[in-house]
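Dear colleague,

Please find below the structure that I am handing over to you, with its sequence. My findings follow directly after it.

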Amino acid sequence: MPRHLVTGGAGFIGSCYVLQARHKNVSIVNLDKLTYAGNLENLSSLADDPEHIFVRGSIGNAELVMYLLETYQPDAVVNFAAESHVDRSIKDPNEFVTTNVLGTCTLLNAVKDWWLKRPAAQKVAFRFLHVSTDEVFGALKPDDPPFSETTPYSPNSPYSASKAGSDHLVRSFSETYGLPVLISNCSNNYGPRQFPEKLIPLTILNALERKLLPIYGKGDNIRDWLHVEDHCSALDCILESGNVGESYCVGGRSERTNLEVVQVICGILDEVAPSAAGPYSDLIRYVADRPGHDFRYAIDCSKIESKTFWKPEHSFESGLRETISWYLCNQSWVQHVRSGEYHTWITTNYAQRNKEDHA
Ligand code: NAD
Ligand code: TYD
């Protein structure tokens with residue numbers, strides 16, 4: 001049975017990857033620090049699964065990483081562990097450098113030291129897959145061609161700069177030590193179990209509680225949305241057939257303005273959870289913009305499509321419906337993640353913005 005060491009596997013995308021991997025009978029060692037974004041409830045269906053070994057700890061702990069590598073001898077390391085929210089990176093960039101840059105470097109170094117001592121055949125077969133973002137490429141104008149693997153890096157937020165730093169380190173470990181690395185640069189994900197600080201779950205949950213729906217700036221910024229399950233199937237394809245040392249852009253060809261996304265969510269909620277208080281779109285409010293707000297992201301994913309035959313299975317409309325239904329059906333998950341630290345973040349991020357309300 002193949003075995004993967006997954007980092008950050010209790011987060012939104014990592015947990016989806018772990019669940020899909022177990023479905024395909026891949027054994028998983030899951031190293032996660034359980035920050036505010038890590039949630040073992042995401043993996044509750046694996047509670048009695050002996051082939052999912054969960055270890056609470058940091059990618060920045062070299063001894064722990066080395067212990068896990070030596071004990072479990074994985075065929076691949078898949079690195080999801082990161083601080084992932086742009087707004088938090090604007091408030092506190094240091095944590096992003098600590099985890100995304102220094103943490104990734106420590107992880108890479110431990111993997112490299114372990115990998116160098118592996119027998120030749122296992123060295124050749126091993127893969128280090130680094131899960132990155134399209135945000136490293138910066139911002140597009142309305143008529144620019146989409147990002148591709150040859151687009152120069154031009155990150156604009158502390159989050160994207162820290163992810164760019166980690167991508168460069170990963171690449172350098174391939175060039176310098178020959179470590180068999182792969183990098184994915186994916187567009188915005190949505191789907192079940194996303195922490196409700198991000199646009200789509202925040203909008204769904206605020207709407208259901210008849211709270212205001214904050215839109216930064218004019219709502220005309222554009223993101224390319226991909227269902228999390230399609231991202232994880234792309235990662236499998238890259239692991240299986242990607243060329244060592246190369247990067248792969250992954251996207252949904254589903255560009256939408258933020259206002260469109262919020263309006264579609266409101267429309268679906270009007271159908272499936274109508275409110276006597278009126279249409280959900282009445283709750284939309286324009287608030288102060290994000291500093292350095294990237295205008296548009298879009299992905300040309302022809303490389304992964306032609307090299308690996310990957311295709312997304314969810315359309316944005318149907319995926320969004322399923323996602324809304326998941327949040328409606330999983331109220332206990334919602335209540336747990338919205339307690340404690342969540343309240344502090346929401347107050348910090350939106351108090352000032354609301355004072356500068358643009359409505
Ligand atoms: P997330 O914030 O939901 O989860 C991150 C996970 O990493 C959490 O479980 C957290 O506990 C864990 N973690 C944080 N620091 C750690 C450390 N030092 N050691 C071990 N674990 C640690 O993030 P996500 O949305 O699931 O994103 C996962 C990865 O995918 C990130 O690297 C992100 O940059 C990348 N990505 C995300 C998106 C998106 O739209 N969410 C798109 C493209 C790429
Ligand atoms: P987000 O989900 O934070 O992802 P990212 O910043 O990685 O793209 O934000 C998606 C878009 O939605 C982004 O353009 C910022 C915008 N946004 C809002 O308009 N209001 C909000 O409350 C949030 C969280 C995001």
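The lining of the second largest pocket in this predicted model comprises ten nonpolar, three polar and six charged residues. In total, 19 residues line this pocket, and those nearest its centre are Pro 2, His 4, Asp 75, Ala 76 and Leu 239. The space in the second largest pocket amounts to about 340 Å³. Three helices, α1 (12–23), α5 (120–125) and α8 (228–241), each contribute at least two residues to the lining. Of these, α8 provides the largest share, with three residues.

Helix α8 also takes part in a salt bridge, through Asp 236. The partner of Asp 236 is Lys 24, and the closest N and O atoms of the two are 1.9 Å apart. This pair joins distant parts of the chain, since Lys 24 sits in the loop between α1 and β2 (27–32), 212 residues away from Asp 236. As general background, side chains of opposite charge can pair when their charged atoms come close. Over the whole structure, the search returned 14 salt bridges.

I turn next to ligand 1. The shell around ligand 1 consists of 28 residues, with Ile 13, Asp 32, Ser 84, Tyr 159 and Lys 163 the closest. By class, this shell holds twelve nonpolar, 13 polar and three charged residues. Several polar contacts may be of use to you when you inspect the site. In one of them, an N or O atom in the side chain of Lys 163 lies 2.6 Å from an oxygen atom of ligand 1. The backbone contributes as well: a polar backbone atom of Asn 189 is 2.9 Å from an oxygen atom of ligand 1, and a polar backbone atom of Lys 33 is 3.1 Å from a nitrogen atom of the ligand. On its own, ligand 1 exposes 830 Å², of which the protein buries 96%.

As for secondary structure, α1, β5 (127–133), α6 (158–177) and β7 (188–190) each place at least two residues in the shell around ligand 1. Strand β5 gives the most, namely three residues. Helix α1 therefore appears in two of these lists: it supplies at least two residues to the lining of the second largest pocket and at least two to the shell around ligand 1, as defined by the DSSP runs.

Ligand 2 has 17 residues around it, and Glu 135, Arg 223, Arg 290, His 293 and Tyr 350 come nearest. The shell divides into eight nonpolar, four polar and five charged residues. Glu 135 has a polar side-chain atom 2.5 Å from an oxygen atom of ligand 2. For Arg 223, an N or O atom of the side chain is 2.8 Å from an oxygen atom of the ligand, while Tyr 216 places a backbone N or O atom 2.9 Å from an oxygen atom of ligand 2. Of the 510 Å² of accessible area that ligand 2 has on its own, the protein covers 97%. Both α7 (199–208) and β8 (213–216) supply at least two residues of this shell, and β8 accounts for the largest share, with three residues.

Finally, how many cavities of 30 Å³ or more does the search of the whole structure find? There is one, and its volume is about 60 Å³. Its lining includes Glu 135, Arg 223, Arg 290 and His 293, which are also among the residues that come nearest to ligand 2. The other lining residues are Val 86, Ile 90, Ser 157, Pro 291, Gly 292, Asp 294 and Tyr 297. By class, the lining of this cavity has four nonpolar, three polar and four charged residues.

With kind regards

Definitions and conventions
Residues are numbered from 1 along each chain as its sequence is written. Chains are lettered from A and ligands numbered from 1 in the order in which they are written. This is a predicted model: local features need pLDDT of at least 70, side-chain atom pairs count only at pLDDT 80 or more; totals for chains, interfaces and linings use all residues. Side-chain values use heavy atoms; hydrogens and water are left out. A residue is near a molecule or strand if one of its heavy atoms lies within 4 Å of it. A polar contact is a pair of N or O atoms within 3.5 Å; within protein, one must be able to donate a hydrogen and the other to accept it, and residues adjacent in sequence count only if both atoms are side-chain atoms. Accessible areas come from the Shrake-Rupley method with a 1.4 Å probe; for residues, only the protein chains shown count as cover. Helices (H or I, at least four residues) and strands (E, at least two) are DSSP runs, numbered from the N terminus. Ala, Val, Leu, Ile, Met, Phe, Trp, Tyr, Cys and Pro count as nonpolar, Asp, Glu, Lys and Arg as charged, and the others, Gly among them, as polar. On a 1 Å grid over the protein atoms alone, a cavity is a set of points where a 1.4 Å probe fits but cannot get out, and a pocket is an open set with protein on both sides within 12 Å along at least five of seven lines; lining residues have an atom within 4 Å of a point. Grid points are joined across faces, edges and corners, and a volume is the space filled by probe spheres set on the points. A salt bridge is a side-chain nitrogen of Lys or Arg within 4 Å of a carboxyl oxygen of Asp or Glu.
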